[in-house]
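Reader: I am used to gels and assays rather than models. Could you walk me through how to read one?

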Amino acid sequence: MKATDLAEMTAVELLDLYQSGQASPVEATEACLGRIRRYNDTVNAYNFLDEETTLAAARRSEERWRRGAPMGVLDGVPVAIKDMFVTAGWPNRKGSLVVDQGPMPVDAPAIAALKRHGYVPLGRTTAPEFGWKGVTDSRLDGITRNPWNPDKTAGGSSGGSAAAVPLGMGPLALGTDAGGSIRIPAAFCGLVGHKPTHGRLPMWPPSAFYPLAHPGPMTWTVADAALLMMVMEEPDSRDQTLAAPAEDLIEDLDAGVEGLRVAFSPRLGYVDIVEPEVAESVAAAAKVFEELGAVVEEVDPGFSDPLETFNRLFYGGAANALRDLGPEQRAQMDPGLVAVVEWAEKLSMLDYLAAANERLALIEATGVFHRRYDLLLTPALPIRAFKAGVEVPEGWPHERWPTWTPFSYPFNITGQPACSVPCGFTADGLPIGLQVVGARHADALVLRAAHAYQSAQPLTHIRPSL
C-alpha cells in the first residue's frame, strides 16, 4: 500500500488498518497533510493549519496503538474542523474580519468528545462570515471551490469541510447546519452530510441561529457518519438542549429498509424549479428503495413553503449575532449579511413570535405525517453547483440564497434528522444528492436507510481528480 492511498481511506478502514498494524496514525495523517498541500491552494478548504499540533496528536495515537491501548473509537483518525467549533489553542474567526477570538481556552462539546476518543485535529475549514449563507466565500478567507470543478461553488456554509473530504484532505469533517449548511455542500461536493435531530448533539457556545442550528458529520460514507455521530452525541453539561444519552448508531446500520413506509416527494408540493437531471437521479434513487423492499409512495408532506418563517428566524438570528457591532465593523463585513440583518432589525417582537408559532405548527404537521410514513425522500437540492463566488446562480429570479435550497430549510425549522447521500452525477460531472428525512429522534433509521441506499448504489469509488 502506498502511503498516499491512506488519504482516501474511510475512518472505518483506517481503524481496521491500525488494528492490524498495516498502517499507523502518523502515516494516515501525513497522507492527508500531503493532499492538503497539493489541493488547498485550488479549493481553499482550510483556512488554518498547525502541522506541529496535528502530527504530535498522531504520534501520541500511534504510541497508544503500539501498546494495544487505543483511546475510544476514533483513535488516530484525522478530522477537519469547521471554523465555527471552539478549539482550545486555536483561533476561532468565524470567517470574519471583525472576529479575533484566539487562541481559545476551551473546547466545544464536539471537540472535547473527539479528544476523549483520540482524534487527530487536521486544521480549521473555511465558512462564510458567521455561517450566514449557502455558499462559502468571505473577505477574510476568499472563495472556497468545488473539488469536482473549481469554477463552481462548494456550497455552504460548511463548504470547506465539504471540499476537503472528496480530495482526501481528511476522512471526517465537522459541519453545522442552520438552513442546509451541511446538506447543501454535501450535495454539491458528492459526500454524505447528516443534520441530526435538533438537540441530539450538544452545541456550545449557543448558536445565534437557535433553534435552527445543528452540528453534524460530513464524511465519505454513511458508516463513517454514524461513527462520528456516536462521538459527537456524547452529552455535555454546557449544552442548553440537554442532549439525550448517546445511542449505538452502528448496531442496526445494516438492517436495510425492507417493509419501511417511504414517501417520495420530488417537489415538496411547492418547489417550482428542479433541474431535469436532478429530478431523474432522485426518482431513480426512490426506485432503488422499492427494489430494496420499502413501500414507496409519491406523496407530498402537506405543508406550504415556510420560507418567510425561515427568513424571520434565520435572519433574526443573524441580527442577534451582529447586535453589538457598529457601522465601522459592519463596513468590513459581507454586504449580503449586513443587508439581511438590516431587514431583520425592522421586524417586531410579534413578527418573530409569529414565526416561532409557525415553527411549532410545522413541527406538529410533520409529526402527524410521520405517523404514516417512516421516511421522506426528496432531492437534497433542486440544482447543480453553480459559479463560485456568488450567492445565487446567474439569472436566478431571487436575490437571496435560501430560494435555491427549498428542500433544506424546512427541516431546520422542524428539527428533523435529514441526510444528504450522493445519488448520481450530471452530464458535466457534478454530484447530485438525495435527501433522506425521518421523524424527530429517528436518526438511527435515517442513517440506516441512507446506508442501505449507498450500499446498493455505491459511488464511493469515484473521486474528483484536479
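Author: We will go through the sheet, some helices, a few loops and some unusual backbone spots. This is a predicted model, in which local features need pLDDT of at least 70 and side-chain atom pairs count only at pLDDT 80 or more, while totals for chains, interfaces and linings use all residues. Residues are numbered from 1 along each chain as its sequence is written, and side-chain values use heavy atoms, with hydrogens and water left out.

Reader: Let's begin with the sheet. In what order do the strands of the open sheet come?

Author: Strands (E, at least two residues) and helices (H or I, at least four) are DSSP runs, numbered from the N terminus. Two strands pair if DSSP finds at least two bridges between them. Here 11 strands form an open sheet with mixed pairing, in the order β1-β3-β2-β8-β10-β9-β14-β15-β13-β11-β12. β1 (46–48) and β12 (295–298) stand at the edges with a single partner strand each, so one side of each has no neighbour in the sheet. On average, neighbouring strands are turned by 30° against each other, direction ignored.

Reader: How many bridges join β8 to β10?

Author: There are 6, and the two strands run antiparallel; β10 covers residues 214–219. One pair to look for is A173 with its bridge partner M218 in β10.

Reader: Now a helix. How far apart are the end C-alpha atoms of α14?

Author: The expected span of a helix is 1.5 Å times one less than its number of residues. For the 14 residues of α14 (443–456) that should be 20 Å, and the end C-alpha atoms are 20 Å apart, which agrees. You can repeat the exercise on α3 (residues 51–66): its 16 residues should span 22 Å, and its ends are 22 Å apart, again in agreement.

Reader: How many residues of α14 are buried?

Author: Buried means under 20% relative accessible area, exposed over 50%, and partly exposed in between, using a 1.4 Å probe and protein chains only. In α14, 11 of the 14 residues are buried, so the helix is largely enclosed by the rest of the structure. Among them are L445, V446, R448 and H451. Contact means heavy atoms within 4.5 Å. The buried residues of α14 pack against β9 (192–195), α7 (222–232), α8 (276–291), β13 (375–379), β14 (418–425) and β15 (431–438).

Reader: And which residues of α3 are buried?

Author: They are T54, L55, A57, A58, S61, R64 and W65. The buried residues of α3 pack against α1 (11–20), α2 (25–43) and β3 (120–125). G68 follows α3 and has a positive phi, near 70°.

Reader: At what angle do the axes of α8 and α14 cross?

Author: Axes are lines fitted to C-alpha atoms, for helices over the stretch in contact, and angles run from 0 to 180 degrees between N-to-C directions. The axes of α8 and α14 come within 10 Å and cross at roughly 100°. Angles under 35 degrees count as roughly parallel, over 145 as roughly antiparallel, 65 to 115 as roughly perpendicular and the rest as oblique. That makes α8 roughly perpendicular to α14. A285, V288 and F289 in α8 meet A449, Y453 and A456 in α14. For residue classes, Ala, Val, Leu, Ile, Met, Phe, Trp, Tyr, Cys and Pro count as nonpolar, Asp, Glu, Lys and Arg as charged, and the others, Gly among them, as polar. By class, this contact has 6 nonpolar, no polar and no charged residues.

Reader: Let's turn to loops. Is G179 buried or exposed?

Author: G179 is buried, with a relative accessible area of 0%. Its place is in the loop between β8 (172–177) and α6 (183–189). Leaving aside neighbours within four places in sequence, G179 contacts I184, F310, W401, T405, S408, Y409 and N412. S181 is found in the loop between β8 and α6, and S181 is buried at 4% relative accessible area.

Reader: Where should I look for cis peptide bonds?

Author: One joins G156 and S157, with omega about 10°. Another joins Y210 and P211, also with omega about 10°.

Reader: What is the phi of H441?

Author: H441 has a positive phi of about 80° although it is not a glycine. This residue lies in the loop between β15 and α14, and at 57% relative accessibility H441 counts as exposed. F130 also has a positive phi, of about 60°, without being a glycine, but F130 is buried, with a relative accessible area of 14%.
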